[in-house]
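Please look through the structure below with two topics in mind: the contact between chains, and the pairing of charged side chains.

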Amino acid sequence: MNSKTLFYIFKRVLLAIFTVWVVITATFFIMHAVPGGPFVGEKATTPAAQKAMEAKYGLDKPLIEQYFTYLGDIVFHFDFGPSLKQRGRMVIDIIFDGMQTSLVLGLFAAGISTLFGIILGAIAALRRNKLIDRIIMVITTAFVSMPSFIMGTLLLVTFANVLPTNGSSAGGMILPVVTLALYPMAYITRLTRSSMLDVLGQDYIRTARAKGVSGGRVIFGHALKNSLIPVLTYVGPMLAYIVTGSLVVEKIFSVPGIGRAFVNSITGRDYPLIMGTTIILATLIVIMNLLTDILYKVVDPRITLE
Amino acid sequence: MQKKKFTFHIDPADFMPASDKEKEYMVQMRPSTTFFKDGMKRLYKNKVAFISLIVIVLITLMSIFVPMFWPYSYEAQLGNQPGKPVDPSYSNLAPFEYGKTEQKLIEQGEVVFPHIFGTDDHGRDYFIRVVYGTRISLAVGFFASIIVLIIGTAIGSISGYFGGKVDLVIMRIVDVIYSLPDMLMVILLSTVLGLTLDSAIEGTVFEAIGSNIISLFIVFALLYWVSMSRLIRGQILSLREQEYVLSARATGAKGRWIIAKHLIPNCISVVIISAALQIPSAIFTESYLSFLGLGVNAPMPSLGSLASEALNGYQSHPHWLVIPAVVISLIVLSLNLFGDGLRDAFDPKLNA
């Protein structure tokens, strides 16, 4: 860790903080630009009751004051205010509840997809242009071209009678995890394959073979290790997306996760929940991207930082 | 002349008109090829890419022309004639089945156009709904990628060419947008814009496709140009150090001229390839949003919304789900394969 690296990390952290601030600000002002306000759709609200509601949630104050209150609450208390539609619950509690389910789901899916992706990719690269390589490439191309909602519904239709499809039970997690894992797995397979082919053509592989290193050592010690660097850059952000972005999968299998909370908050126009979910998910993704970038540098010292 | 090798005398024979035999060396054995022709030739040879292209063209032509002569429309509920009670025999028809009144007509010897994919639960012809859904998906993909192309190229080339502070500011903006979670932002913006736009587009042609799709375009224009502009910037940065740019500048060419005449044509292949690969990603996004109920307005179908509606009755009517799923996968797959083929054919760096 020389001073240049430290400076780079410092710069990236600043940029990440700035990005999160942009997300908070943009979300806040976008949500407040919506005509009508959150209580318009409510049944049987007299103007007086509406005034009272707005006063209770602080919506009658000037916009800029609301903004700084909101920002301050987030930064100092990690408080996103109460939910408008689920009375008596705080936004942060709803998010944490959903997060627990989504996190388990996402971690399983990420683990499976990374493991199998690397194995399949390595096999495809080592057996280049053989039958097994062709089969792997055809299947992964098909998976990459299939939107997750189609994959999910097809799995649902196929296995509806064999496996539990309700995502809230433990056994019901199998199908959502598989659905979530298939796309990244296919992507990682392709990535590993091309990167491994690249590495196998390098001089140091030939040198290693020439000096009599065994085949297994060449593959695991030299080729695989070096070809995983591009994979790493994909896995970091993928982890964040898989944990946060499983909106569709959670809808199909009715998993009570954060994705479903987000979609419900949007269709139900639960403003604080929309804002809270957006901000927390965005922050997670920004942090994962940051970690990936730094890790990238640590793993491969040849990479020069701008 | 051979004997006096180092003489300064000039041999007059060197200045005689060329004989026919000498001219033969100058004849072109085959016509010179341009970069474009060369790439096209490679593209033709790539069978996978060529078949994908045919599939795309076929699907596109069908989605444009089939609605023109198809006897049913995407929103007409066939069992619901004005002045009569709703005829339930038209709902949920299996492929190639007919409603009651249609069967009577057939018995009378008339020809009734078949419902190739049957009808949906509202008694609407499912085939034409799939065709319209394809149309929407393709249109979204195509226009979104054009928007991204224009904005990304403009900003990327400005940033790359002028460099310095302009570049710094633009690249920081790009960095921030790049790290925004795109799907969340798309959903957020399209919800909010949808509410604002609903009143603005009332009564115009845009009403049929709905504010969600318009806001999807706006979101694309706001967020998705960044990767394109990064790409262009990188290209321009390496291109502007080339000698021909120096020579253009030496002869007095201005910035706009150099960008338009020298830099953009030279990175056009990279631009087109990434624009082609942008289309499937836009189609993905649209179907994803439609699936979540944030896409096109009913009754206009899109492939995503068709799949989403079919999810409720998938056990009794699996074909409602399978057909849009197959169509969308086919479109995305062939676009991806074609884009890969384009890249192989036109990216000179890979041709080594």
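The report below takes up the interface and then the salt bridges.

## The contact between chain A and chain B

This is a predicted model, and the interface described here is read from that model. Chain A brings 40 residues to the contact, while chain B brings 37 residues. Together the two chains bury about 3400 Å² between them, and 80% of this area is given by carbon and sulfur atoms.

Across this interface zero salt bridges are found between chain A and chain B. The search for residue pairs in polar contact between the two chains, with both residues at pLDDT 80 or more, likewise gives a count of zero.

## The side of chain A that touches chain B

The helices of chain A that each supply at least two residues to the side touching chain B are α1 (3–32), α5 (131–144), α6 (148–159), α10 (247–252), α11 (258–267) and α12 (271–299). Of the residues on this side, the largest share comes from α1(A), which contributes eight residues. Sorted by residue class, this side of chain A consists of 28 nonpolar, nine polar and three charged residues.

## Salt bridges in the structure

Although the interface of chain A and chain B has zero salt bridges, a search of the whole structure finds four over all chains. Three of these pairs are taken up here.

One salt bridge joins the side chains of A:Arg193 and A:Asp133, with an N to O distance of 2.8 Å. Because A:Arg193 belongs to helix α7 (residues 174–200) of chain A and A:Asp133 to helix α5 of chain A, this pair ties together parts that lie 60 residues apart in sequence. Both A:Arg193 and A:Asp133 are buried, and helix α5 of chain A is also among the helices that supply at least two residues to the side touching chain B.

## Salt bridges with exposed or partly exposed residues

A salt bridge is also formed by the side chains of A:Arg89 and A:Asp97, at 2.7 Å from N to O. A:Arg89 has a relative accessible area of 31% and is therefore partly exposed, and A:Asp97, with a relative accessible area of 42%, is partly exposed as well.

The side chains of A:Arg206 and A:Asp203 meet in a salt bridge at 3.1 Å, N to O. These two residues are three residues apart in helix α8 (residues 203–210) of chain A, so about one helical turn separates A:Arg206 from A:Asp203. A:Arg206 counts as exposed, because its relative accessibility is 58%.

Key:
Residues are numbered from 1 along each chain as its sequence is written. Chains are lettered from A and ligands numbered from 1 in the order in which they are written. This is a predicted model: local features need pLDDT of at least 70, side-chain atom pairs count only at pLDDT 80 or more; totals for chains, interfaces and linings use all residues. Side-chain values use heavy atoms; hydrogens and water are left out. Contact means heavy atoms within 4.5 Å. Buried area is the accessible area (1.4 Å probe) that two parts lose on being put together, summed over both. A polar contact is a pair of N or O atoms within 3.5 Å; within protein, one must be able to donate a hydrogen and the other to accept it, and residues adjacent in sequence count only if both atoms are side-chain atoms. Helices (H or I, at least four residues) and strands (E, at least two) are DSSP runs, numbered from the N terminus. Ala, Val, Leu, Ile, Met, Phe, Trp, Tyr, Cys and Pro count as nonpolar, Asp, Glu, Lys and Arg as charged, and the others, Gly among them, as polar. Buried means under 20% relative accessible area, exposed over 50%, partly exposed in between (1.4 Å probe, protein chains only).
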